[in-house]
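Here's a set of exercises to work through with the viewer open. Try each task yourself before you read the solution.

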Amino acid sequence: MQLSLNGKRALVAGGSRGIGLAIAHAFALAGADVAICARSKGPLAQAESALRSTGRKISAHTCDLADGDAVTAWVAQAAADLGGVDILVNNASGFGRTDDEAGWATSISVDLLAAVRASQAAMPFLLHKGGNIIHISSISGLKASVRTPPYGAVKAAIMEYAQTQALTHAAHKVRVNCIAPGSIFFEGGTWDVVQKENPALYGRILAGIPSGRFGTPEEVAKVALFLASDCASWVTGQTLVVDGGQSLH
């Protein structure tokens, strides 16, 4: 079984590092032209350079995904750069942790509304030929999230939104799915920081993963590649958990 995205145009929101960059890279290696966005210019430029080594057409623009107008403008610019949109991946997260106005505002504006706005902006392109949306959620949305109430609640909302989108657009051959990763480790990422600043929490989370290790961005990217490919042509409205059994503990 070969997972090919030859001839596809893929947009990855929040694609400069971690899971987003891994997905963008996997898509490009599978034959897709890829557009990414991120808020910080430095990591975005580094990601763009790495993606160009695949030989595919690459578009990279800065975008504050908490800004609705900026999200709409990015989708339009990316579509112009690539000549259309076949796949949209909503990966960015504001990681709202605190159960206060600031924490909720961060998660709602980036994790939820950015996904809604990007989906709405990309939908005219996706409806034209049939397309694909993948939302990156989290296992935090599957159960109580005591340490990060806004993050968990908004990730649960994304799973429900994916189901609604899938049902709404199935007749137009647009598929919509979610991926719910567990704890993913990469250099400079959340768990890298926790390992240095809160080793007790790091050890407690690691002990709760039956597979005995944290996941990698590439392991999530492989699942995204499957969902974006024709091998998943009859898969829609689903949330695939990628967590090494963490949510079963």
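## Exercise 1: One helix and its neighbours

The model here is a predicted one. The buried residues of α2 pack against three elements: α1 (18–29), β2 (33–38) and β3 (58–62).

**Task.** Check the length of helix α2 (residues 41–52), and work out how its buried residues are arranged around the axis.

**Solution.**
- Step 1: start with the length. Helix α2 has twelve residues, so at 1.5 Å a residue it should span 16 Å; the end C-alpha atoms are 16 Å apart, in agreement.
- Step 2: pick out what's hidden. Leu44, Ala47 and Leu51 are buried in α2.
- Step 3: look down the axis. The buried residues of α2 fall within an arc of 65°, so they line one face of the helix.
- Step 4: flip to the other side of α2, where Lys41, Gln46 and Ser49 are exposed.

**Follow-up task.** Which residues does Leu21 contact, leaving aside neighbours within four places in sequence?

**Solution.**
- Step 1: locate Leu21, which sits in helix α1.
- Step 2: classify Leu21. Its relative accessibility is 22%, and buried means under 20%, so Leu21 counts as partly exposed.
- Step 3: list the contacts. With those sequence neighbours left out, Leu21 is in contact with Gly15, Ser16, Ala47 and Leu51. Two of the names should ring a bell: Ala47 and Leu51 are among the buried residues of α2.
- Step 4: try a long-range pair. Leu21 and Ile136 are 115 residues apart in sequence, yet their C-alpha atoms are 13 Å apart in space.

## Exercise 2: Same drill, another helix

**Task.** Repeat the length and face analysis for helix α3 (residues 68–82).

**Solution.**
- Step 1: α3 has 15 residues, so the 1.5 Å rule predicts a span of 21 Å; its end C-alpha atoms are 21 Å apart, which agrees.
- Step 2: the buried residues of α3 are Gly68, Val71, Trp74, Val75, Ala78, Ala79 and Leu82.
- Step 3: these residues cover an arc of only 130° around the axis, which puts them on the same side of α3.
- Step 4: the face turned away from that buried side carries the exposed residues Asp69 and Ala80.
- Step 5: ask what covers the buried residues of α3. The cover includes β1, β2, β3 and α4.

## Exercise 3: Into the core

**Task.** Which residues touch the most other members of the largest nonpolar core?

**Solution.**
- Step 1: the largest nonpolar core has 35 residues, and Ile23, Phe27, Val34, Ile36, Ile134 and Ile179 touch the most other members.
- Step 2: map the core onto elements. Those that give two or more residues are β1 (9–13), α1, β2, α2, β3, β4 (87–90), β5 (132–136) and α8 (217–228).
- Step 3: zoom in on Ile179. Apart from neighbours within four places in sequence, its contacts include Ile134, His135, Ile136, Val220, Val223, Ala224 and Leu227.
- Step 4: don't stop at one core. A second, separate core of 33 residues includes Leu65, Leu88, Ala121 and Ala122.

## Exercise 4: Find the hole

**Task.** How many cavities of 30 Å³ or more are there, and which element gives the most to the lining of the largest cavity?

**Solution.**
- Step 1: the count comes to one cavity of 30 Å³ or more.
- Step 2: the largest cavity has a volume of about 90 Å³.
- Step 3: its lining has 14 residues, of which Asn90, Asn91, Ala92, Val110 and Ala115 lie nearest the centre.
- Step 4: α4 (101–129), β5 and α5 (149–169) each supply at least two lining residues. α4 gives the most, with five.

## Exercise 5: Backbone oddities

**Task.** What is the sign of phi at Phe95 and at Lys173, and how accessible are the two residues?

**Solution.**
- Step 1: recall the background. Most residues other than glycine have a negative phi.
- Step 2: Phe95 has a positive phi, near 50°. Lys173 has a positive phi too, near 65°.
- Step 3: place them. Phe95 lies in the loop between β4 and α4, and Lys173 in the loop between α5 and β6 (175–181).
- Step 4: at 34% relative accessibility Phe95 counts as partly exposed, while Lys173, at 61%, counts as exposed.

Definitions and conventions. Residues are numbered from 1 along each chain as its sequence is written. This is a predicted model: local features need pLDDT of at least 70, side-chain atom pairs count only at pLDDT 80 or more; totals for chains, interfaces and linings use all residues. Side-chain values use heavy atoms; hydrogens and water are left out. Helices (H or I, at least four residues) and strands (E, at least two) are DSSP runs, numbered from the N terminus. The expected span of a helix is 1.5 Å times one less than its number of residues. Buried means under 20% relative accessible area, exposed over 50%, partly exposed in between (1.4 Å probe, protein chains only). The arc is that of the directions from the helix axis to the C-beta atoms. Contact means heavy atoms within 4.5 Å. A nonpolar core is a set of buried Ala, Val, Leu, Ile, Met, Phe, Trp, Tyr and Cys residues joined through side-chain atoms within 4.5 Å. On a 1 Å grid over the protein atoms alone, a cavity is a set of points where a 1.4 Å probe fits but cannot get out, and a pocket is an open set with protein on both sides within 12 Å along at least five of seven lines; lining residues have an atom within 4 Å of a point. Grid points are joined across faces, edges and corners, and a volume is the space filled by probe spheres set on the points.
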